[in-house]
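Here are some short exercises to work through with the model open beside you. Try each task before reading its solution.

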Amino acid sequence: MVSKVKAPAAELFWRGLFTILLLFVCVLVLVPMLNLLALSLSDPARVSEVRGLTVFPKGFSLVNYRVLAANPLFVRSFLNSVFITVVGTALNLLVTSMAAFALTRPKLPFRRFFMVLIIIVMILEPALVTEYLVIKRVGLMNSLWAVILYKTVNVYYLIILMRYFEEIPPSLIDAAQVDGARNMTILTKVIMPLAKPALATLGLFYGVFHWNEYFRASIYLTDPMKYPLQLILRQFVVLDDTASLIGSGTLFSYDEAARLSYDALQASTIIVAILPVLIVYPLILKYYARGVMEGGVKE
Amino acid sequence: MHAMAKKNEWTLLLLLMPALLYFLIYHFIPISGMVMAFQDYRIFGKSPFVGLKHFRILFSSPAFLQVMRNTLIISFMKIVLFFPLPIIFALMLNEVRSSILRKFIQSTTYLPHFLSWVVIAGIWIAFLSPTNGGLNQLLGLFNIPPRDFMTDKGAIRWVLFASETWRSLGWDSIIYLAALASISPSLYESADLDGAGSFQKMWYITLPELLPTMVTVFILNMGFFLNAGFDQVFNMMNDSVISVVDILDTYVYRIGLLNMQYSFSTAASLFKGVIGLVLILAAHQGSKRITGKGLW
């Protein structure tokens with residue numbers, strides 16, 4: 001109907017200006033991160049050449065990463081984070097799916113009552129102190145489980161999953177029920193495979209949450225060998241407590257040690273903490289951002 | 001058959017059990033424990049009731065008033081001042097025609113949303129460093145002397161605002177991009193026939209079409225006004241600036257878990273919870289009335 005006319009010059013000007021501004025935002029996002037990457041990879045002898053806006057390493061060396069890999073506390077904290085993230089996310093998906101399935105069955109006894117409970121969880125936040133005292137009383141103090149179990153069910157995610165489960169045709173479930181399948185079998189064999197995209201999205205979000213968690217770990221864990229990476233990072237970088245990581249003396253087993261800079265070592269720990277997020281980031285973009293965009297278009 | 005179906009109904013409860021157990025330990029028991037805001041908490045023996053004692057101390061303490069002030073100011077900056085930025089971002093991005101550029105801009109600006117505040121604080125402390133930080137290097141090009149923004153009382157709240165923007169600008173624009181994509185092209189086509197210019201189309205078509213989304217986002221954010229972002233403040237504050245960035249949640253943490261004034265801290269939490277509840281319910285109702293979409 002309307003033929004494609006050439007955009008007028010004014011419009012092209014604005015488009016160009018917007019693109020430049022947006023690319024400038026990208027530069028502002030990327031430069032501080034690339035700067036730390038450059039710092040962490042630079043030759044220790046040339047680290048002083050790395051200024052605040054440098055984005056390429058001066059020379060090349062992995063010595064900072066080797067120092068970290070040789071530090072028992074750091075390695076342990078990385079493994080703790082992996083454990084918390086993997087076990088925590090698996091538990092999140094299982095428990096959230098089970099609850100979402102039960103809550104979307106019209107036959108569930110006391111269904112309305114449970115829905116009210118969920119809304120209460122959503123709008124009432126317990127005091128930090130009372131949560132702390134309960135965790136202490138149930139014996140989860142200094143246990144990784146106190147951290148793993150925190151946010152086992154995120155109510156917002158639960159509701160998203162319930163909406164998704166509701167879309168699944170009831171005839172599929174009824175058919176399975178006639179076959180005499182138990183609820184758990186229906187959930188794992190019928191519902192969960194159909195909800196794969198939703199579960200993948202939630203899994204990624206739960207996973208990133210666990211990987212990034214540091215606060216519950218800081219109040220519930222007392223043994224430094226149980227600390228997750230983010231907590232070590234907080235002490236070492238944010239609180240600038242250099243002894244938190246280097247006190248072990250492993251640093252000095254390296255010839256280059258005398259020349260190593262704390263800044264570069266701190267930068268390396270930040271990069272290690274970002275790396276797993278970067279690895280799953282393409283998946284996040286694939287599942288979530290696209291889902292939202294398409295959902296928006298559909299509406 | 002009937003007995004079988006009946007049995008199935010009750011096994012559904014079994015599926016709900018783990019979630020309920022979690023809610024019990026991490027939500028319901030701690031919530032019921034908040035009654036200790038009206039007691040003097042004792043680890044051993046019975047905690048005596050003291051009525052509103054802790055609330056009286058709280059409301060008359062100058063520290064608490066400063067904390068409230070900080071919370072409101074920081075929330076205002078992060079909710080009200082920040083509010084138009086993702087909209088402008090989405091509007092600009094919507095004009096970028098190259099899909100490769102669009103994808104690049106989107107994937108770059110969404111990334112910080114997935115970094116922890118510990119990591120972001122680390123990045124920003126380095127970026128703002130007075131000796132070698134990127135920002136001071138940049139300012140140096142214009143002969144502006146270096147400043148230590150992280151320990152500067154006049155600057156730290158703007159650091160919070162800027163780092164929040166750095167983290168959320170891209171991600172928070174997604175909802176507006178989705179709304180923009182759902183505007184019917186026929187609206188623009190008929191405007192073209194009427195000879196409308198770009199800015200007229202923006203003013204008379206795009207902005208009104210975005211309005212419901214804006215209202216929803218704004219109202220729902222208001223519901224969390226007293227939060228002000230614990231993780232961010234907790235990781236970016238230091239002794240030099242604590243007086244201007246200490247918010248309710250950091251205060252509750254300090255007096256509760258560090259000073260072990262359990263009942264007093266719980267009283268502050270309860271105060272925050274009650275105001276927060278009123279705000280959330282009002283936001284929910286308001287959003288439902290105006291746009292038909294609430295929190296649940």
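What percentage of the 299 residues of chain A count as buried?

**Exercise 1. Burial and make-up of chain A**

Task: Find the buried share of chain A, then describe its secondary structure and its contacts.

Solution. Keep in mind that this is a predicted model.
- Step 1: In chain A, 40% of the 299 residues count as buried.
- Step 2: Listing the elements gives 14 helices and 0 strands for chain A.
- Step 3: Take the contacts in chain A between residues at least 6 apart in sequence; 71% of them join residues at least 24 apart.

**Exercise 2. Confidence**

Task: Judge how confident the predictor is in each chain and in the complex.

Solution.
- Step 1: Chain A has a mean pLDDT of 88, with 89% of its residues at 70 or more.
- Step 2: In chain A, residues 293-299 have a pLDDT under 50 throughout, and the model gives this stretch 11 contacts beyond four places in sequence.
- Step 3: For chain B the average pLDDT is 92, and 98% of the residues score at least 70.
- Step 4: For the complex, the predictor reports an ipTM of 0.92 and a pTM of 0.92.

**Exercise 3. The overall form of chain B**

Task: Decide whether chain B is spread out or a compact globule, starting from its elements.

Solution.
- Step 1: Chain B holds 14 helices and 0 strands.
- Step 2: Its radius of gyration is 25 Å, well over the 19 Å that the globule rule gives for 296 residues, so chain B is more spread out than a compact globule.
- Step 3: Along the principal axes, the C-alpha atoms of chain B fill a box of roughly 80 × 80 × 30 Å.
- Step 4: Of the 296 residues in chain B, 38% are buried.
- Step 5: Among contacts in chain B with a separation of 6 or more, 67% come from residues 24 or more positions apart.

**Exercise 4. A helix pair**

Task: Work out how helix 10 and helix 14 of chain B are arranged, and what kinds of residue meet there.

Solution.
- Step 1: Two packed helices are described by the angle between their axes and the distance between the axes.
- Step 2: The axes of helix 10 (residues 198-222) and helix 14 (residues 262-291) of chain B come within 8 Å and cross at roughly 170 degrees.
- Step 3: Angles over 145 degrees count as roughly antiparallel, so helix 10 of chain B is roughly antiparallel to helix 14 of chain B.
- Step 4: On the helix 10 side, the residues include Pro212(B), Val215(B) and Ile219(B), while those on the helix 14 side include Leu279(B), Ala283(B) and Ile290(B).
- Step 5: Sorted by type, the residues of this contact are 8 nonpolar, 4 polar and no charged.

**Exercise 5. Where the chains meet**

Task: Describe the contact between chain A and chain B, then look at one residue on each chain.

Solution.
- Step 1: Chain B brings 78 residues to the contact and chain A brings 83 residues.
- Step 2: Helix 1 (residues 2-32) of chain B gives the most to the side of chain B that touches chain A, with 17 residues.
- Step 3: That side of chain B divides into 48 nonpolar, 24 polar and 6 charged residues.
- Step 4: Val129(A) sits in helix 5 of chain A. With 29 other C-beta atoms within 10 Å, Val129(A) is buried. Leaving aside neighbours within four places in sequence, its contacts include Gly256(B), Leu257(B) and Tyr262(B).
- Step 5: Ile125(B), in helix 6 (residues 117-127) of chain B, counts as buried because it has 21 C-beta neighbours inside 10 Å. Beyond four places in sequence, Ile125(B) is in contact with Val238(A) and Met150(B).

**Exercise 6. Positive phi**

Task: Place Asn142(A) and Met260(B) in the model, and say whether each is buried or exposed.

Solution.
- Step 1: Phi of Asn142(A) is near 55 degrees, a positive value in a residue other than glycine. Phi of Met260(B) is also near 55 degrees.
- Step 2: Asn142(A) is in the loop between helix 5 (128-137) and helix 6 (144-149) of chain A, and Met260(B) is in the loop between helix 13 (248-258) and helix 14 of chain B.
- Step 3: A residue is exposed if 12 or fewer other C-beta atoms lie within 10 Å of its own. Asn142(A) has 12 such neighbours, so it counts as exposed. Met260(B), with 12 other C-beta atoms within 10 Å, is exposed.

Technical notes:
Residues are numbered from 1 along each chain as its sequence is written. Chains are lettered from A and ligands numbered from 1 in the order in which they are written. This is a predicted model: local features need pLDDT of at least 70, side-chain atom pairs count only at pLDDT 80 or more; totals for chains, interfaces and linings use all residues. pLDDT is the predictor's confidence in each residue, from 0 to 100. Helices (H or I, at least four residues) and strands (E, at least two) are DSSP runs, numbered from the N terminus. The radius of gyration is taken over C-alpha atoms; the globule rule is 2.2 Å times the number of residues to the power 0.38. A residue is buried if 20 or more other C-beta atoms lie within 10 Å of its own, exposed if 12 or fewer, and partly exposed in between; C-beta atoms are placed from the backbone. Two residues are in contact if their C-beta atoms, placed from the backbone, lie within 7 Å. Axes are lines fitted to C-alpha atoms, for helices over the stretch in contact, and angles run from 0 to 180 degrees between N-to-C directions. Angles under 35 degrees count as roughly parallel, over 145 as roughly antiparallel, 65 to 115 as roughly perpendicular and the rest as oblique. Ala, Val, Leu, Ile, Met, Phe, Trp, Tyr, Cys and Pro count as nonpolar, Asp, Glu, Lys and Arg as charged, and the others, Gly among them, as polar.
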